[in-house]
Amino acid sequence: MESSTTHLRIRRPLIVTSDIDVRELLKRMEEEGKGIAVVMEDRRPVGIVTRRALERALSRGLKGEVKKIMNELIITITGDEDLLDLLTTMIKNKLECFVVMRRGKLIGVVTVDDLFYSIQKRTYS
């Protein structure tokens, strides 16, 4: 099965800086209906924060800046990669998402659900 990324589903994340307060970030994520925030500094991604991670941290009493809980393991892709290779990389590295960058610009994020959706769409198209 060919698995090019022609049908890759890409989501628009919330974009924040590392100094945003965790409570403010959760509020913004809820208001904008986002499950993932990409933390950017100097126009490059430096971290990822999921709503689930925020809720867990807040339930444990964490206060302060999001940089305390952001996941700094980021793998950027262009969206031209093989879907099955992306899925393998995501599973091996236990990633929640990839960050899609093109020509130095943030395009969005791709989650495991997006990869499964894209593989299914490609298979049955």
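This short talk walks through the salt bridges, a charged surface patch, a small sheet and two unusual loop residues of one structure.

Before the details, please keep in mind that this is a predicted model, in which local features need pLDDT of at least 70 and side-chain atom pairs count only at pLDDT 80 or more, while totals for chains, interfaces and linings use all residues. Residues are numbered from 1 along each chain as its sequence is written, and side-chain values use heavy atoms, with hydrogens and water left out.

Let me begin with the salt bridges, where the general idea is that side chains of opposite charge can pair when their charged atoms come close. How many salt bridges does a search of the whole structure find? The search finds 5, a salt bridge being a side-chain nitrogen of Lys or Arg within 4 Å of a carboxyl oxygen of Asp or Glu.

One of them joins the side chains of D114 and R9, at 2.8 Å from N to O. This pair links distant parts of the chain, since D114 sits in helix α4 (residues 112–124) and R9 in the segment before β1 (14–16), with their positions 105 residues apart in the numbering. Helices and strands here are DSSP runs numbered from the N terminus, the helices being H or I with at least four residues and the strands E with at least two. D114 counts as buried because its relative accessibility is 0%, whereas R9, at 30%, is partly exposed. For these words, buried means under 20% relative accessible area, exposed means over 50%, and partly exposed lies in between, with a 1.4 Å probe and protein chains only.

Another salt bridge brings together the side chains of R52 and E96, at 3.2 Å from N to O. Here too the pair links distant parts of the chain, with R52 in helix α2 (residues 51–59) and E96 in the loop between α3 (83–93) and β5, 44 residues apart. R52 is exposed because its relative accessible area is 54%, and E96, with 31%, is partly exposed. Beyond single pairs, salt bridges that share partners join R9, R11 and D114 into one network.

In contrast to those long-range links, R28 forms a salt bridge with E32 in which the closest N and O atoms are 3.9 Å apart, and both residues lie in helix α1, 4 residues apart, or about one turn of the helix. R28 is partly exposed at 25% relative accessibility, and E32 is also partly exposed, at 42%.

Staying with helix α1, I turn to the surface. Which residues form the negative surface patch? The patch is made by D21, E24, E30, E31 and E55, where patch residues have over 30% relative accessible area and no salt bridge, and like charges are joined within 9 Å. Helix α1 (residues 22–32) gives the most to this patch, with 3 residues. E31 is found in helix α1, and its relative accessibility of 55% is why E31 counts as exposed.

Next comes the sheet, an open one of 3 strands in the order β4-β5-β6, with mixed pairing. β4 (76–77) and β6 stand at the edges, each with a single partner strand, so one side of each has no neighbour in the sheet. Two strands pair if DSSP finds at least two bridges between them, and β4 and β5, which run parallel, are joined by 2 bridges. In β5, V99 is the bridge partner of T76, and V100 is the bridge partner of I77. As for β5 itself, 5 of its 6 residues are buried, so this strand is largely enclosed by the rest of the structure.

Finally, two loop residues deserve a careful look, because most residues other than glycine have a negative phi. R43, although not a glycine, has a positive phi of about 60 degrees, and R43 is found in the loop between β2 (36–41) and β3 (44–50). With 71% relative accessibility, R43 counts as exposed. R103, likewise a residue other than glycine, has a positive phi near 55 degrees, and R103 is placed in the loop between β5 (97–102) and β6 (105–111). R103 is exposed too, with a relative accessible area of 89%.

Technical notes
Patch = residues over 30% accessible without salt bridge, like charges linked within 9 Å, V, L, I, M, F, W, Y side chains within 5 Å. Areas by Shrake-Rupley, 256 points an atom, 1.4 Å probe, with all protein chains shown as cover. Lys, Arg positive; Asp, Glu negative; His and termini not counted. Charge placed at Lys NZ, Arg CZ, Asp CG, Glu CD.
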